[in-house]
Amino acid sequence: MQCKYLDVSNSYYDKEDDEYIVKSYIESEEIHRFEHEIVLDFEYEASEIQEEQYELTFIGVDADTYNMFVDLSENDTLFDCIDAKSVMLENDKHWFENNVVRCSECGKILGFNDLDNYHDYNGEPICDGCAVTNENGFICPGCGLKHPYERMGNSGTYCIDCQEEYDD
Ligand SMILES: [Zn+2]
Ligand SMILES: [Zn+2]
């Protein structure tokens with residue numbers, strides 16, 4: 001079967017609006033196996049040539065058992081997943097690329113606004129994990145921003161912008 005379902009890990013939910021602002025879907029080709037009893041309808045006609053012989057004509061799946069539901073969301077019916085890819089709708093993709101805020105150091109997605117993020121001295125957003133003194137730079141205790149080491153003042157603690165202020 002061909003399947004299409006919401007890719008939760010690649011979709012983005014807005015808690016305030018209580019809806020998905022960017023939706024991605026998994027499009028996959030899956031083989032499911034399950035057991036279910038169904039009723040098949042046949043018509044039969046008595047043979048004119050030979051007694052006690054009947055000719056069967058298949059009509060279809062009985063209407064009462066036709067509209068059955070099988071929950072495929074749990075993996076217990078899944079036999080094999082042949083192919084699966086995450087697909088974002090074109091409109092959503094466009095919006096996503098224009099609005100997504102990423103950590104300028106590691107590329108992690110921070111969300112869709114730059115209000116609560118840490119920043120480097122250029123005003124570029126950085127994630128919690130990168131907002132530390134590491135090989136890429138240091139956090140100045142004066143301005144709280146991350147700077148590359150070439151922007152470190154003589155004190156070895158503050159950035160060159162904060163250096164003068166704290167020297168006095
Ligand atoms: Zn980061
Ligand atoms: Zn500073």
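Tutor: pLDDT is the predictor's confidence in each residue, on a scale from 0 to 100. This is a predicted model, where local features need pLDDT of at least 70 and side-chain atom pairs count only at pLDDT 80 or more, while totals for chains, interfaces and linings use all residues. Residues are numbered from 1 along each chain as its sequence is written, and chains are lettered from A and ligands numbered from 1 in the order in which they are written.

Student: OK, so in which element is confidence highest?

Tutor: Let's start with the whole chain: its mean pLDDT is 90, and 99% of its residues reach 70 or more. Helices (H or I, at least four residues) and strands (E, at least two) are DSSP runs, numbered from the N terminus. Confidence is lowest in helix α1 (residues 63-66), with a mean of 76, while the highest mean, 97, belongs to strand β13.

Student: How many helices and strands does the chain have?

Tutor: You've just met one of each, α1 and β13. The full tally for the chain is 3 helices and 13 strands.

Student: What is the radius of gyration of the chain?

Tutor: Look at the outline first: the C-alpha atoms fill a box of roughly 115 × 30 × 20 Å along the principal axes. The radius of gyration is taken over C-alpha atoms, and the globule rule is 2.2 Å times the number of residues to the power 0.38. For a compact globule of 168 residues that would be near 15 Å, yet the chain has 31 Å.

Student: Which strands are the edges of the open sheet?

Tutor: Two strands pair if DSSP finds at least two bridges between them. This open sheet has 3 strands in the order β1-β4-β7, with antiparallel pairing. Those that pair on one side only are its edge strands, namely β1 (2-6) and β7 (78-88).

Student: How many bridges join β4 to β7?

Tutor: For β1 and β4 the number is 5, and L6 stands opposite Y25 there. Between β4 and β7, H32 has L78 as its bridge partner, and S28 stands opposite A84. The antiparallel bridges joining β4 (residues 24-32) to β7 number 9.

Student: Which residue takes a positive phi in the hairpin of β2 and β3?

Tutor: Strand β2 (residues 12-14) and strand β3 (residues 19-22) pair in the antiparallel sense over 3 bridges, one of which matches D14 with E19. There are 4 residues between these strands, and the one with phi near 60° is D18.

Student: Is E52 buried or exposed?

Tutor: E52 also has a positive phi, about 65°, although it is not a glycine, and it lies in the loop between β5 (40-46) and β6 (54-61). A residue is buried if 20 or more other C-beta atoms lie within 10 Å of its own, exposed if 12 or fewer, and partly exposed in between, with C-beta atoms placed from the backbone. Because E52 has 6 C-beta neighbours inside 10 Å, it counts as exposed.

Student: Which residues does C106 touch, not counting those up to four places away in sequence?

Tutor: C106 sits in the loop between β8 (101-102) and β9 (109-111), and it is exposed because 11 other C-beta atoms lie within 10 Å. Contact requires C-beta atoms, placed from the backbone, within 7 Å. By that rule, C106 touches C127, G129 and C130.

Conventions
Two residues are in contact if their C-beta atoms, placed from the backbone, lie within 7 Å.
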